[in-house]
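Biologist: Hi, could you walk me through this one? Keep it simple, please.

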Amino acid sequence: MREILNMGRRDFLKTGTLICGGLILGFYLPLRESLSGVSNPTGGPFMPNAFIRIGTDEMVTIIVNKSEMGQGVYTSLPMLVAEELEVDWSKIRVESAPVDPAYNHTEWGVQGTGGSTSVWSEWERLRKAGATARAMLVKAAADIWKVDPGSCRAEKGFVIHNPTQRKISYGKLVEKASQMEPPKSVALKEPKDFKIIGKPRRRLDTPEKTNGKAIFGIDARVPGMLTAVVARAPVFGGRMKNFSADKAKAVPGVKEVLQIDSGVAVIADNFWSANKGRNALEVVWDEGTLAAHSTSGMREQYMNLAKSPGAVARKGGNPESVLSNAAKQLKAEYEVPYLAHACMEPLNCLVDLRSESCEIWTGTQFQTVDRNSAASVVGLKPEQVKIHTTFLGGGFGRRANPQSDFVTEAARVAKVVKKPVKVIWTREDDTKGGYYRPMWYDQIAAGLDGKGNVIAWQHTIVGQSILSGTPFDPKADVDPASVEGAKEIPYEIPNILVDLHSPKIGVPVQWWRSVGHSHTAFVVESFIDEVAHETGKDPYAFRRKLLVKHPRHDGVLKLAAEKSGWGRPLPKGRGRGIAVHESFGSFIAQVAEVSVSAEGEVRVHRVVCAIDCGKIVNPDTIKAQMESGIVFGLSAALYGKITFQNGRVEQSNFHDYPILRLSEMPLVEVHIVSSEEKSGGVGEPGVPPIAPAVCNAIFAVTGKRIRSLPIRSEDLKKG
Amino acid sequence: MISLDINGKKYEVDVGPDTPLLWVLRETIGLTGTKYGCGMALCGACTVHVDGEAIRSCVTPVSSVDGRRITTIEGIGKTKEGKAIQEAWIADDVPQCGYCQSGQIMEAVALLKTNPKPGDADIDGAMSGILCRCGTYQRIRRAIHRAARMMAKGGAK
C-alpha cells in the first residue's frame with residue numbers, strides 16, 4: 001500500500017490506476033471542516049480516498065483507516081464496503097491504512113480513531129466506495145459482452161448478465177475496470193435490501209488473535225533493532241538534574257545510556273538488559289512544582305473552588321431563587337478519582353530513523369498527529385515519516401495522545417541512538433505515566449415543590465479540562481467534555497444551572513473511554529435516584545415521568561426494566577439499580593442486580609443492558625462492546641483510583657490498580673432497540689450507566705448511598 | 001548455553017540465566033505470541049505450558065526450564081484441547097483487542113487437560129488469574145463450555 005501514496009496527487013485523483021495487478025479505487029469527497037492547529041501537508045477542500053484493492057487473485061483488500069483496538073472496526077467497516085461491493089465475504093482481507101489525507105476522519109480532518117465515531121462517520125463514504133467499485137466492475141463486464149450495464153448484476157464477486165446468465169469474476173475484470181472512469185454518482189442500497197449490514201458477522205481478526213500471529217506494536221521488529229527503557233521523572237513536570245550511567249552500563253547487554261527530553265534512556269540488546277540497566281541507573285531529579293502534590297490537597301482545593309460560582313455551561317429559568325425557596329432542598333457532594341487506561345499492552349513504539357526517512361511501528365489511535373509530531377522531533381517533513389499501525393492491545397483513548405507522548409519520546413531516543421529502537425514501557429511506567437481521566441468533585445442540588453415535583457436543579461463541577469491544548473480545544477470557558485452528560489440532562493426540570501471550574505493542575509489528563517460521561521452519568525444518575533427515593537417514588541417510574549420529551553431515553557429505560565424483571569421479587573439480599581444515559585449518539589439503560597456481603601464486598605450478579613444506537617451494522621459487535629463497556633466501568637466503580645502523595649503516583653501495577661477478574665464477571669444481557677435513526681457509537685456508551693446502576697442497586701439493598709468512587713467495602717460493612 | 005524445547009523444536013540460547021522465559025521467547029526466539037503485561041505474574045498474558053502445566057513466563061527464569069518441554073500459543077493448536085479451544089474462541093467471537101488472549105487460551109487448554117468437563121465454578125477458579133481489560137470474560141466462559149462439548153463429541157473439526 002505504501003507505494004500508492006508515493007504516487008503524485010494527480011495520478012491518484014485520476015483514479016483507476018493499475019498497480020500490483022489490482023484495481024485501486026480512488027475517489028474523493030468534501031471534508032466538512034479542518035481542525036485548526038493541526039497541520040495538513042496537502043491541504044485543499046477535496047481529498048482522495050483509497051479503500052479497496054481487488055487483485056487478479058480475486059482477493060479483496062479493504063484498507064481500513066481506523067485503528068483496531070478491540071472494538072471491531074476491522075470487521076464492521078469492511079461490512080460497509082462489502083454490502084455495496086457484492087463480494088464473497090471469504091475473499092476479504094484487511095490492511096491498516098498508511099497516513100494520508102485520503103484516510104482522514106470525515107469530521108476531524110486528521111486521521112484518527114476515537115469518540116465512538118468510526119461506523120457512523122464512515123457509513124456513507126465506505127458504502128460509496130463499495131458501490132463505485134461495483135459500478136465500474138459491472139461496466140467493465142458489460143463492455144466486454146457489449147451489453148447494457150443495466151442488464152447486469154453483481155453478486156458474490158461476479159458480474160452476471162441477467163438475460164444470458166453469463167458471468168465473469170471480479171479478478172478477471174481488474175484490468176478492464178482499471179481503465180474505467182468512475183461514475184459521477186452511485187445509488188446506494190435501500191436498507192431493506194441489505195444482506196450484510198445489520199446481521200451478525202464473526203470478526204475477521206479472530207483467527208490470528210487465537211494463534212499468536214496478530215502483531216501488536218510491542219511485537220514489531222526490524223533488523224538491528226535495539227530496545228530502550230526510559231527513566232522518567234517521578235513527579236509530573238520534574239526534570240533530570242544529573243545522572244551517573246556507570247552501574248547501568250555495567251549491565252551485560254546495555255549499549256548506551258543517553259539523556260533525552262523526558263529523562264534518561266537505557267538502550268540495550270533486549271528488554272531485560274535495558275530494564276536491569278534502568279534499575280541500576282542513578283538519577284537526581286529536579287522534582288519541580290508538583291513535588292508536594294497530594295490527592296488530599298487537591299480535594300481541599302476543589303471543595304473550596306466549588307463554593308464560588310463557576311463558568312456557566314447551562315442556565316434555564318431561575319435556578320438559584322427557585323432552589324432557595326423550594327419546599328424541600330436536596331444537596332449532595334460526589335467525587336471520582338483520576339483513572340488510568342491500563343491497556344493490557346503497555347505503551348511502546350518502534351522507530352527506524354534514517355537520514356531521509358523515518359518509519360514508525362506502533363498501535364496508535366492518532367496517526368496524523370503522531371506523524372507530524374514525530375517529523376518535527378526528527379527534523380523531517382511529515383511526508384517522509386511513515387506510520388505502520390499495528391493492532392492495539394487496548395486503546396480506550398490513551399493511544400490518541402494529543403502530545404504524541406509515547407511516539408515523540410521514541411523518536412527522540414532514535415535520534416540520539418542512531419539505530420532502529422523500540423521503546424517499551426513497563427506496566428509500572430504505563431500506570432504512572434499520566435494522561436489520566438481527571439479527578440472530579442461535584443456539588444449537586446435539587447429543589448422540590450410541595451407535591452414532590454423537581455422544580456430546580458443545580459450542578460457545580462470541578463475538574464481539569466481535557467480538551468484544552470488539544471486539537472479539539474474549544475478555546476472557551478467551558479470545556480464541553482467537562483460537562484457532557486451533565487449539561488443536557490434529559491429530565492424535564494424548569495430551572496437549571498450547570499457551572500464549571502477548570503483548575504489548572506500539572507497532572508496530564510486525557511480522554512478515557514466515555515470521557516466526561518464517565519463521571520457525569522455517575523453523578524446525575526445517582527442523584528436523580530436520590531431524589532426519587534426522597535419523594536418515595538419508584539426510581540424507574542420517577543425517571544419515566546421526567547423523560548416525556550426524550551422517547552429514546554424512555555425506550556431503552558422501559559426495555560431494560562422489562563427484561564430485568566424490574567419490580568419483581570429478587571432472592572433475599574439482592575437489589576436492583578437502574579440508570580439511563582445518552583452518549584456518543586447512543587442511548588443506553590442498564591439494570592444491575594447486586595448483593596453486598598456482611599464485610600461490605602459488592603457482588604454484581606447480572607446486568608441487563610438496553611441500547612438504542614440507531615441503525616446497526618454488526619449486532620454482535622454491539623453486544624461485545626456493551627459487555628466490554630460494562631466490565632470497564634465496573635473495574636472503575638469497584639477498584640479504579642490513581643492517587644498522589646509527595647507528587648508521586650501511588651499505584652504501579654495490577655495489584656494496586658486492579659481490574660475486574662473473570663470470577664467477578666456478572667451475567668450480561670444486551671437488548672438492541674430496532675431503529676432507523678442515525679447510527680450512534682458503541683465503543684464508549686456502555687461505560688457511563690454501569691457505576692450509577694450498581695450504586696443505585698447498593699442503595700436498594702443496603703440503604704447506603706455511594707457518592708464517591710471507587711466503592712469502599714468499609715463504607716458498606718454491617719454494624 | 002541453555003537448551004530449550006519449544007513447540008517440539010530444539011533451541012540453544014545464550015542469555016543471562018535470570019532472563020525471564022517470556023523475553024527469551026519473544027526476543028531471542030522470536031515467538032511474539034506470548035505477551036508481556038505486568039512482569040509480576042499478576043495478569044497472565046505471558047502464560048505458557050512447561051511440561052503441560054500453565055506457568056507465568058514473565059517470572060520464570062529461563063535457566064529453570066532448561067531441557068523442559070515448553071508449549072506456546074504458536075504450538076498449542078497441535079494439541080486436541082488447543083484446537084478445540086481455538087475453534088470455540090472463533091465460534092464465540094471471544095477476542096476484542098486480543099492482547100490477553102494467548103494467555104487466556106493457554107490457561108483454558110491447561111484447564112481442559114485436567115478437567116475435560118469444567119463447571120462454571122471450575123472455570124472461574126482456573127481463569128481468574130488472566131486479566132482482560134476488554135471484558136471478554138462472559139465469552140471465555142461460553143467458549144470453554146463449547147470446547148468441552150466439542151471434545152466430548154470427539155474433538156475439534
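Biologist: Is Gly686(A) buried or exposed?

Modeller: Gly686(A) is buried, because 35 other C-beta atoms lie within 10 Å. The rule has three classes: buried means 20 or more other C-beta atoms within 10 Å of the residue's own, exposed means 12 or fewer, and partly exposed is in between, with C-beta atoms placed from the backbone.

Biologist: Before we go on, what sort of model is this, and how do the labels work?

Modeller: This is a predicted model: local features need pLDDT of at least 70, side-chain atom pairs count only at pLDDT 80 or more, and totals for chains, interfaces and linings use all residues. Residues are numbered from 1 along each chain as its sequence is written, while chains are lettered from A and ligands numbered from 1 in the order in which they are written.

Biologist: Back to Gly686(A). Where does it lie?

Modeller: Gly686(A) is in the loop between β28 (667–672) and α18 (690–702) of chain A. Helices (H or I, at least four residues) and strands (E, at least two) are DSSP runs, numbered from the N terminus.

Biologist: Which residues is Gly686(A) in contact with?

Modeller: Set aside neighbours within four places in sequence. Then Gly686(A) is in contact with Ile588(A), Cys609(A), Gln625(A), Met626(A), Ser628(A), Gly629(A) and Ile630(A). Contact means that the C-beta atoms of two residues, placed from the backbone, lie within 7 Å. Gln590(A) is 96 residues from Gly686(A) in sequence, yet their C-alpha atoms are 8.8 Å apart.

Biologist: How about chain A as a whole? How many helices and strands are there?

Modeller: Chain A has 19 helices and 28 strands. Its C-alpha atoms fill a box of roughly 80 × 75 × 45 Å along the principal axes. Of its 719 residues, 56% are buried.

Biologist: What radius of gyration does chain A have?

Modeller: It is 27 Å, and a compact globule of 719 residues would come out near 27 Å, so the two agree. The radius is taken over C-alpha atoms, and the globule rule is 2.2 Å times the number of residues to the power 0.38. On contacts, take those in chain A with a separation of 6 or more: 77% are between residues 24 or more positions apart.

Biologist: New topic. How many residues of α3(A) are buried?

Modeller: 13 of the 13, so α3(A) is largely enclosed by the rest of the structure. This helix covers residues 73–85 of chain A, and its end C-alpha atoms are 18 Å apart. That agrees with the expected span of 18 Å, at 1.5 Å a residue. The expected span is 1.5 Å times one less than the number of residues.

Biologist: Where is the kink in α3(A) centred?

Modeller: On Met79(A), with a kink of about 25°. The bend at a residue is the angle between axes fitted to the seven residues ending there and the seven starting there. After α3(A) comes Glu86(A), with a positive phi near 55°.

Biologist: Which sign does phi have in most residues other than glycine?

Modeller: Negative, and most peptide bonds are trans. Lys146(A) has a positive phi, near 55°. Lys146(A) sits in the loop between α4 (118–145) and β6 (152–155) of chain A. Lys146(A) is exposed, with 6 other C-beta atoms within 10 Å. Val515(A) also has a positive phi, near 50°, but Val515(A) is buried, with 28 other C-beta atoms within 10 Å.

Biologist: And which peptide bond is cis?

Modeller: The one from Leu709(A) to Pro710(A), with omega near 0°. Pro710(A) is in the loop between α18 and α19 (713–716) of chain A.

Biologist: Now chain B. What domains is it divided into?

Modeller: Domain 1 (2–75) and domain 2 (77–152). Those bounds come from an automatic or database domain assignment. The C-alpha centres of the two domains lie 20 Å apart. Between them, 16 residues of domain 1 are in contact with 13 residues of domain 2. On the domain 1 side, β3(B) gives the largest share, three residues.

Biologist: Which residue lies in β3 of chain B?

Modeller: His49(B) is one of them. With 25 C-beta neighbours inside 10 Å, His49(B) counts as buried. Its contacts beyond four places in sequence are Ala54(B), Ile70(B), Thr71(B), Met106(B) and Ala110(B).

Biologist: Last one. How many residues do chain B and chain A put into their contact?

Modeller: Chain B gives 42 residues and chain A gives 46.
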